[in-house]
Amino acid sequence: MTAPELTLPEELLLLALDPRGKPYCRSRFLEYGMAGAALAELELLGRVCEEYGRIRVVDPLAVPDPLLAPVLDSLPAPDKGGRRGGVGTKGWIRHAGPQVGSMCLEQLVGRAVLRRETHRFLGLLPYHRHPAAAPELPVAVRERFAAAAAAGFPDPRSRTLGALVSAVDLSNAVVQGGWRARAALRELVREEWTAYAVRQNVRQDKANRSGGMLGGRSGASSSGGGD
């Protein structure tokens, strides 16, 4: 099956889902990645750029895509948004990630690319899975990604997708070629501003989680010492 035309957020999402429709990485990381991918798509369309860690709109002309249009509209107009204009990339991705991720899922479900299945945790709390409507589609997307990787990610679009895959911790699930291939993708993260900002948010979440766990252990030790 030939993969249809997909935006970068859609392609990243399809790479991230296992056959049951569960992400290979943490859902929050994937949301950051889809937000960064939406910005990257707008950059490829000539609508935005990055300057000194800030997203700047260079062409506010509307885009027809129902996911990218509200993303562009959410960004400050040219020469707005503070002294240097624009908005901080890391902060925008952190704030917009859940909404962009939800919109991307809704769009693919609406186009019958994904199905929505509702399950219940312990028979009580509902949660959703999003398997592909046609199992051949994720295979085609992965084959296209593998071909780009084998060719050294020869174009800006494939390089950005590769960098985002690494930034959200998907490399182990989708990258072939062992640690050398994964290390090459980590280098791409440094070169692609959207992926770099995504990675900053991922690292912040990991640090916060680690800090909370350490704090919890420290508190427990203190309590024990007082008995």
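# Notebook: core, kinked helix, salt bridges

**Entry 1. The core.** I started with the largest nonpolar core, which has 60 residues; Trp-92, Val-100 and Val-165 have the most contacts inside it. Helix α2 gives the most to this core, with 10 residues. Note to self: this is a predicted model. I kept the general rule in mind, that nonpolar side chains tend to be buried together in soluble globular proteins.

I then looked up what sits around Trp-92. Skipping residues up to four places away in sequence, I found that Trp-92 touches Ala-35, Leu-39, Ile-55, Val-71, Ser-74, Leu-75, Val-87, Gly-97 and Val-100. So two of the core's most connected residues, Trp-92 and Val-100, also touch each other, because Val-100 is on the Trp-92 list and contact means heavy atoms within 4.5 Å.

**Entry 2. Helix α4.** Next I checked α4, which runs over residues 89-110 and has 22 residues. From first C-alpha to last it reaches 29 Å, close to the 32 Å expected at 1.5 Å a residue. Where does α4 bend? I found a bend of about 50° at Ala-96, with a proline, Pro-98, following within four residues.

I also listed the buried positions in α4: Thr-89, Trp-92, Ile-93, Ala-96, Gly-97, Val-100, Gly-101, Cys-104, Gln-107 and Leu-108. The bend residue, Ala-96, is among the buried ones. The spacing made me recall that an α-helix has 3.6 residues a turn, so residues three or four places apart point the same way. After α4 comes Ala-112, and its phi is positive, near 60°.

**Entry 3. Salt bridges.** I got 12 salt bridges for the structure and went through three of them.

One pairs Arg-157 with Glu-41, with the closest N and O atoms 2.9 Å apart. Arg-157 is in helix α6 (residues 156-167) and Glu-41 is in helix α2, so this pair ties together parts that are 116 residues apart in sequence. Which partner is buried and which is partly exposed? Arg-157 is partly exposed, with 28% relative accessible area, while Glu-41 is buried at 7%.

Another pairs Lys-206 with Asp-169, closest N to O 2.6 Å. This one also links distant parts of the chain: Lys-206 is in helix α9 (residues 193-226), and Asp-169 is in the loop between α6 and α7 (171-174), 37 residues apart. Both partners are partly exposed, Lys-206 at 34% and Asp-169 at 31%.

The third stays within one helix. Arg-190 bridges to Glu-187, with the closest N and O atoms 3.7 Å apart. Both lie in helix α8 (residues 178-191), 3 residues apart, about one turn of the helix. Arg-190 is exposed at 64%, whereas Glu-187 is partly exposed at 39%. Going back over the bridges, I saw that those sharing partners join Asp-169, Arg-199 and Lys-206 into one network.

**Entry 4. A buried arginine.** I looked at Arg-47, which is found in the loop between α2 and β1 (48-51). How far away is the nearest side chain of opposite charge? It is Asp-59, at 4.1 Å, and Arg-47 is buried yet has no salt bridge. The reason is the cut-off: Asp-59 is 4.1 Å away, and a salt bridge has to be within 4 Å. Beyond four places in sequence, Arg-47 touches Leu-42, Arg-56, Val-57, Val-58, Asp-59, Leu-61, Ala-62, Val-63 and Leu-72.

**Entry 5. Cys-25 and Leu-170.** Last lookup was a pair of loop residues. Cys-25 is in the loop between α1 (8-16) and α2 (27-44), and Leu-170 is in the loop between α6 and α7. They are 145 residues apart along the chain, yet their C-alpha atoms are separated by 6.0 Å. Are these two buried or exposed? Cys-25 is buried at 10% relative accessible area, and Leu-170 is buried at 0%.

Leaving out neighbours within four places in sequence, Cys-25 is in contact with Leu-30, Val-168, Asp-169 and Leu-170. Asp-169 turns up again here, after its salt bridge with Lys-206. On the same terms, Leu-170 contacts Leu-12, Ala-16, Tyr-24, Cys-25 and Val-165. Val-165 is one of the residues with the most contacts inside the core. I also noted Leu-15, which is 155 residues from Leu-170 in sequence and 8.4 Å away in space, C-alpha to C-alpha.

Terms used:
Residues are numbered from 1 along each chain as its sequence is written. This is a predicted model: local features need pLDDT of at least 70, side-chain atom pairs count only at pLDDT 80 or more; totals for chains, interfaces and linings use all residues. Side-chain values use heavy atoms; hydrogens and water are left out. Helices (H or I, at least four residues) and strands (E, at least two) are DSSP runs, numbered from the N terminus. Buried means under 20% relative accessible area, exposed over 50%, partly exposed in between (1.4 Å probe, protein chains only). A nonpolar core is a set of buried Ala, Val, Leu, Ile, Met, Phe, Trp, Tyr and Cys residues joined through side-chain atoms within 4.5 Å. The expected span of a helix is 1.5 Å times one less than its number of residues. The bend at a residue is the angle between axes fitted to the seven residues ending there and the seven starting there. Lys and Arg count as positive and Asp and Glu as negative; His and the chain ends are not counted.
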